[in-house]
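Biologist: Could you walk me through this model with me asking and you reasoning aloud? I have the sequence and the coordinates open.

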Amino acid sequence: MIETAIQQIFNAAQLGAVYALIALGYTMVYGTIRLINFAHGDIFMLGGFIGFLLVTLIPGLPVAVMIPLAMLLTAMVGVLIERAAYRKLRGAQRMSLVITALGVGIFLENLVRILVGPQARQIPAQLPNKVLKLANGVVITEDKLLIIVISLLLMVILWIFVNKTLIGTAMRAVADNRDAVQLMGINLNLIIATTFAVGSALAAAGGIFFGQAYSIDPYMGIDLGWKAFIAAVIGGIGSIEGAVIGSFLLAGVEVVTVAYLSSNLKNGIAFGLLIILLLIRPNGIMGRAELKKV
Amino acid sequence: MKRSVWLLSALFVMGCITGCNEKGVKIGVSAPISGDIAALGQSTKNAVLLAQEEINAKGGINVGGKMQKVTFIIEDDENKPEAAATVFQKLINQDKVVAIIGSQSSKCSNAGAPIAEAAGIPQISPWSTNPNVTSGKQFVFRACFIDPYQGKVVAGFARDKMKAATAAVLYDVASDYNKGIAEVFRDEFAKSGGKVVGFETYNTNDKDFSAQLSKIKGATPDVLFLPNYFNDVPLQIQQARKLGMTCKVVGSDGWDNQELIKMGGKDMEGAYFTNHYSPDVDRPASKAFIAKYTKKFNSQVDAAAALTYDSVYLLVNAIEKAGKADPKAIRDAIASTKNFEGATGAISFSGSGDPTKGAVIIRISNGKFVFDSAVN
């Protein structure tokens with residue numbers, strides 16, 4: 001019994017790591033321009049497909065090159081989407097932005113479907129994937145372990161970037177007061193573009209890990225995007241630590257429900273608990289209530 | 001005023017395009033061209049196009065002494081019930097088809113069947129094995145066996161040939177086919193003295209099954225039954241093996257597509273599944289079809305393609321027998337079909353929309369589907 005329990009902790013950690021890489025994009029974009037970028041799940045999907053295409057078009061491309069390259073390309077797409085679809089609407093009603101984001105998402109799904117086809121595919125194994133036997137029949141594969149470690153590493157780098165660098169400070173300043181920041185001579189467009197680039201790059205990493213461990217198809221961003229978005233909300237949308245905590249919490253609740261109750265109840269219980277949590281803490285675990293000056 | 005004139009003439013032109021070329025027989029096809037089982041939609045389309053080419057090369061269908069060309073109108077139902085309902089409506093109301101082939105998955109056929117039934121248009125589903133598709137309906141037929149039969153066959157195979165005392169099931173709870181056959185297997189396996197130690201579910205589009213599989217691993221079953229489609233099964237087996245599960249694996253006819261081996265690779269070796277036919281069985285109609293199909297499309301035949309091809313010819317035979325392209329007459333002719341020699345074996349109807357047919361067991365060996373045994 002204890003072996004199964006430990007096994008389930010590893011399962012939850014891997015799922016949580018993927019959720020977190022997507023949730024960070026939601027949280028960063030919301031933090032800076034108060035936009036819930038519903039196309040973000042599809043950027044995650046796009047990242048997976050860019051990784052897949054790189055591996056198939058350039059045989060023998062080492063994984064240490066493939067992942068950063070795919071992250072860079074996806075970051076460029078993210079910036080392009082912001083430039084083409086969102087920038088003009090920055091001063092418009094909040095609702096117009098949300099609808100545009102949903103439209104961008106559907107556009108990306110269908111674009112990939114037409115270009116690459118609707119079949120599910122797997123990114124050929126790049127990470128080492130030997131099965132490691134721990135004590136008492138508990139097993140973990142090397143790629144699972146690597147996915148968890150690399151994801152955590154990326155999250156730490158992001159935290160340092162936002163909290164310790166000049167551009168990170170500017171991002172936080174934009175989040176605080178967009179108008180005042182421009183008076184201080186900060187290039188608002190550059191900061192927002194950077195936010196989209198970083199968020200998209202992390203989503204691409206998530207997409208590649210996901211395509212390696214599971215499989216990728218044009219519609220995979222929908223379900224996962226929703227879950228990651230909800231994880232970000234539980235953690236307190238706008239907060240980086242919150243997105244990570246929320247993701248691991250959601251994955252944990254899902255896995256525990258399957259392990260000790262019933263797999264039928266997975267989504268019902270997971271989301272039921274989240275509703276209760278949001279009733280107690282409406283701004284999420286790490287969120288702060290916004291202060292309104294009168 | 002001007003605008004309404006334009007509108008009227010546009011409507012008139014459209015009416016001519018859709019209504020003026022009334023020559024020939026029009027048959028609708030509802031297939032999953034895109035969506036999660038798109039690979040199967042492609043083989044459906046291939047089989048239909050092959051049949052259309054053959055029929056028209058011979059001059060068409062002999063309708064009461066007059067040769068009429070046949071046109072198949074292939075629509076995409078995305079393997080979604082709501083889209084299938086729209087496709088059926090469109091085929092019946094706009095295209096005025098005399099009959100419909102499809103859909104492939106049970107959940108889509110279940111959505112389309114009531115529409116065909118209400119309109120009095122005969123429907124033949126090639127590959128939908130869920131019992132609800134035809135039950136209580138006059139105009140709905142299928143070319144395959146049904147899940148209570150298939151579930152019994154696979155449970156018997158697991159008990160007798162695989163010598164399994166315990167079994168676990170992991171299935172998609174959101175799909176009629178998967179759920180139906182999982183429940184039949186559970187009951188039949190228990191009835192024959194086995195013990196079902198795990199009965200776990202997931203939802204369509206889930207990719208991570210490790211929580212369910214870890215739970216099943218803790219129960220150490222002799223055999224794992226995966227009554228799911230070919231796009232999910234490789235992930236399930238890979239994840240089970242990565243968790244260190246070594247049990248035997250068995251599946252159902254939803255496995256039959258080359259994508260299964262392409263994605264699953266060597267993890268699929270040694271697994272068994274029930275199917276409608278095997279290319280290895282020596283049967284003239286089957287050999288002829290496989291030769292033509294592989295030559296034209298340069299890809300392997302799956303059961304859905306063979307069943308679609310049989311459905312088309314079942315229908316064409318019925319139209320020729322009826323002597324007129326009238327839905328009611330076609331329906332009666334299908335219902336009285338006896339010993340139709342198809343690519344998947346002999347098909348006869350007796351009273352209901354379900355034919356009497358046997359099943360085969362396929363083994364996966366060296367990356368190929370190999371005939372193991374036949375069950376009647």
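Biologist: Where is B:Ser103 found?
Modeller: Keep in mind that this is a predicted model. The numbering of chain B puts strand E5 at residues 99–102 and helix H4 at residues 106–119. B:Ser103 is therefore in the stretch that links these two, namely the loop between E5 and H4 of chain B.

Biologist: What is the omega of the peptide bond from B:Gly102 to B:Ser103?
Modeller: Most peptide bonds are trans. The bond from B:Gly102 to B:Ser103 is cis. Its omega is near -10 degrees.

Biologist: B:Gly102 has a bridge partner too; which residue pairs with B:Gly102 of E5(B)?
Modeller: Strand E1 of chain B, residues 25–31, pairs with strand E5 of chain B in the parallel sense. There are 4 bridges between E1 and E5. In that pairing, the partner of B:Gly102 is B:Ser30.

Biologist: Which residue of E6(B) is the bridge partner of B:Ile101?
Modeller: E5(B) also runs parallel to strand E6 of chain B, residues 123–125, and 2 bridges join them. For B:Ile101, the partner in E6(B) is B:Ile124.

Biologist: What is the hand of the crossover from E5(B) to E6(B), right or left?
Modeller: The chain leaves E5(B), passes through helix H4 of chain B and arrives at E6(B). That path is a β-α-β crossover, and its hand is right.

Biologist: Let's turn to backbone angles. What is the phi of B:Asn205?
Modeller: B:Asn205 is found in the loop between strand E9 and helix H7 of chain B. At 41% relative accessibility, B:Asn205 counts as partly exposed. Most residues other than glycine have a negative phi. B:Asn205 has a positive one, near 80 degrees.

Biologist: And B:Thr220, is that residue buried or exposed?
Modeller: B:Thr220 lies in the loop between H7 and strand E10 of chain B. B:Thr220 has a positive phi of about 40 degrees although it is not a glycine. Its relative accessibility is 59%, and exposed means over 50%, so B:Thr220 counts as exposed.

Biologist: Good. Now the salt bridges: which residue of chain A meets B:Lys207?
Modeller: The structure holds 20 salt bridges over all chains. One of them has N and O 2.5 Å apart and involves B:Lys207. B:Lys207 lies in the loop between E9 and H7 of chain B, and its partner in the loop between helix H8 and helix H9 of chain A, so the pair joins two chains. That partner is A:Asp217.

Biologist: Are B:Lys207 and A:Asp217 buried or exposed?
Modeller: Buried means under 20% relative accessible area. B:Lys207 has 8% and A:Asp217 has 12%. By that cut-off, B:Lys207 is buried, and A:Asp217 also counts as buried.

Biologist: How many residues apart in sequence are A:Lys227 and A:Glu254?
Modeller: A:Lys227 and A:Glu254 form a salt bridge, with the closest N and O atoms 3.2 Å apart. Both residues are buried. A:Lys227 lies in helix H9 of chain A and A:Glu254 in helix H10 of chain A, so the pair ties together parts separated in sequence by 27 residues.

Biologist: By what part of a helix are B:Glu188 and B:Lys191 separated, and what is that in turns?
Modeller: This pair also forms a salt bridge, with the closest N and O atoms 3.6 Å apart. B:Glu188 is buried at 18% relative accessible area, whereas B:Lys191 counts as exposed at 66%. They are 3 residues apart in helix H6 of chain B, which means a separation of about one helical turn.

Biologist: Which cysteine has the sulfur nearest to that of B:Cys144?
Modeller: The structure holds 0 disulfides over all chains. B:Cys144 is in no disulfide, and the nearest cysteine sulfur is 14 Å away. A disulfide needs the sulfur atoms within 2.5 Å. That nearest sulfur belongs to B:Cys108.

Biologist: Last one: what is the area of the nonpolar surface patch that includes A:Leu69?
Modeller: A:Leu69 is in helix H3 of chain A and counts as partly exposed at 31% relative accessibility. Its partners in the patch are A:Val65, A:Leu72, A:Leu73 and A:Met76. The patch has an area of about 410 Å².

Definitions and conventions: Residues numbered from 1 in each chain as written. Chains lettered and ligands numbered in written order. Predicted model: local features only at pLDDT ≥ 70, side-chain atom pairs only at ≥ 80, totals over all residues. Heavy atoms only, no water. Pairing = 2+ DSSP bridges. Right-handed = clockwise from strand over helix to strand, strands pointing away. Patch = residues over 30% accessible without salt bridge, like charges linked within 9 Å, V, L, I, M, F, W, Y side chains within 5 Å. Areas by Shrake-Rupley, 256 points an atom, 1.4 Å probe, with all protein chains shown as cover. Salt bridge = Lys/Arg side-chain N within 4 Å of Asp/Glu carboxyl O. Buried < 20%, exposed > 50% of the residue type's maximum accessible area, 1.4 Å probe, protein only.
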